[in-house]
Amino acid sequence: MIRSCLFAALLMTATTATAQDIKATDAYVPQSPPGSMAQAAYMQLENTTDKVRSVIGVEASGYAMAHLHGSEMKDGVATMTMVHQLDIAPGQSVSLEPGSYHIMLMRPEAMSKVGDTVELKLLFADGDTLEVAAEVKSRSNGS
Ligand SMILES: [Cu+2]
């Protein structure tokens, strides 16, 4: 009896706090060379609702910090900027991909290996969260 109540409570928590109407697919982290202090994570995000949904933060297990970044070319030099809010229009998808938006993973606690999973949690402006598992892939066939 106690166990089933606990299970029901867990289910309720999950349905109220999770952004189930946002679909995250193809999440991956290219493996970085030994000693790197930062890695990137990429994925596709699809907003299946009729409202704008905004990602305002990221958490990553195994890293001291995770930030949302954008990339742009300035005078022929690729630069990264912090993105404080990434809007996904209703019914639209946003690609986090090399040369564009990405999740910057900083200060890994341990070197990740190909096949490892990085647990990411996206934080939305409306308080919802979305957990995404990103697989570490080798660079040669990862991107
Ligand atoms: Cu970056």
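**Entry 1: β9 and β10**

I looked up the pairing of β9 with β10 and found seven bridges between the two strands, which run antiparallel. Strands here are DSSP runs of E with at least two residues, helices are runs of H or I with at least four residues, and both are numbered from the N terminus. I took two strands as paired if DSSP finds at least two bridges between them. The model is predicted, so I used local features only at pLDDT of at least 70 and side-chain atom pairs only at pLDDT 80 or more, while totals for chains, interfaces and linings use all residues. Residue numbers start from 1 along each chain as its sequence is written.

Within this pair, L123 stands opposite T129 in β10. The two strands form a hairpin with four residues between them, and G127 in the turn has a positive phi of about 95°.

**Entry 2: the chain as a whole**

I recorded two helices and 10 strands for the chain. Along the sequence the pattern reads α-β-β-β-β-β-β-β-β-β-β-α. Of the 143 residues, 22% are buried. I applied the following classes: a residue is buried if 20 or more other C-beta atoms lie within 10 Å of its own, exposed if 12 or fewer, and partly exposed in between, with C-beta atoms placed from the backbone.

I then turned to contacts, where two residues qualify if their C-beta atoms, placed from the backbone, lie within 7 Å. Among contacts with a separation of 6 or more, 68% join residues 24 or more positions apart.

**Entry 3: the nonpolar core**

Which residues have the most contacts inside the largest nonpolar core? I found A41, V58, A60, I103, L105, V118 and L120, in a core of 24 residues. The elements giving two or more residues to this core are β2 (38-47), β3 (53-60), β4 (63-74), β6 (86-88), β8 (102-108), β9 (117-124) and β10 (129-137). The largest share, five residues, comes from β2. A nonpolar core here is a set of buried Ala, Val, Leu, Ile, Met, Phe, Trp, Tyr and Cys residues joined through C-beta atoms within 7 Å.

I followed L120 further. Apart from its neighbours within four places in sequence, L120 is in contact with A41, V58, A60, I103, V132 and A134.

**Entry 4: other strand pairs**

I listed the remaining pairings of interest. β3 and β9 run antiparallel and are joined by five bridges, and in this pair E59 stands opposite K121 in β9.

β8 takes part in two further pairings that I checked. Four bridges join it to β2 in the antiparallel sense, with L105 in β8 as the bridge partner of Q39. Six bridges join β4 to β8, again antiparallel, and Y63 stands opposite P108 in β8.

β4 also pairs with β5 in the antiparallel sense, over six bridges. There, G70 stands opposite T81 in β5. β4 and β5 form a hairpin with two residues between them, and D75 in the turn has a positive phi of about 50°. I noted that β5 (residues 77-82) is hardly covered, with a count of zero buried residues among its six.

**Entry 5: backbone angles at D26 and R107**

Most residues other than glycine have a negative phi. I therefore recorded D26, which is not a glycine yet has a positive phi of about 55°. D26 lies in strand β1 (residues 22-30). Is D26 buried or exposed? D26 counts as exposed, because 12 C-beta neighbours lie inside 10 Å. Its contacts beyond four places in sequence are M43 and Q44. D26 and Y42, 16 residues apart in sequence, are 7.7 Å apart in space, C-alpha to C-alpha.

R107, in strand β8, has a positive phi of about 55° as well, although it is not a glycine. R107 is exposed because 11 other C-beta atoms lie within 10 Å.

**Entry 6: K137**

I closed with K137, which has its place in strand β10. Why is K137 classed as partly exposed? The class follows because 17 other C-beta atoms lie within 10 Å of K137. K137 and S32 are 105 residues apart in sequence, and I read a C-alpha to C-alpha separation of 9.4 Å in space.
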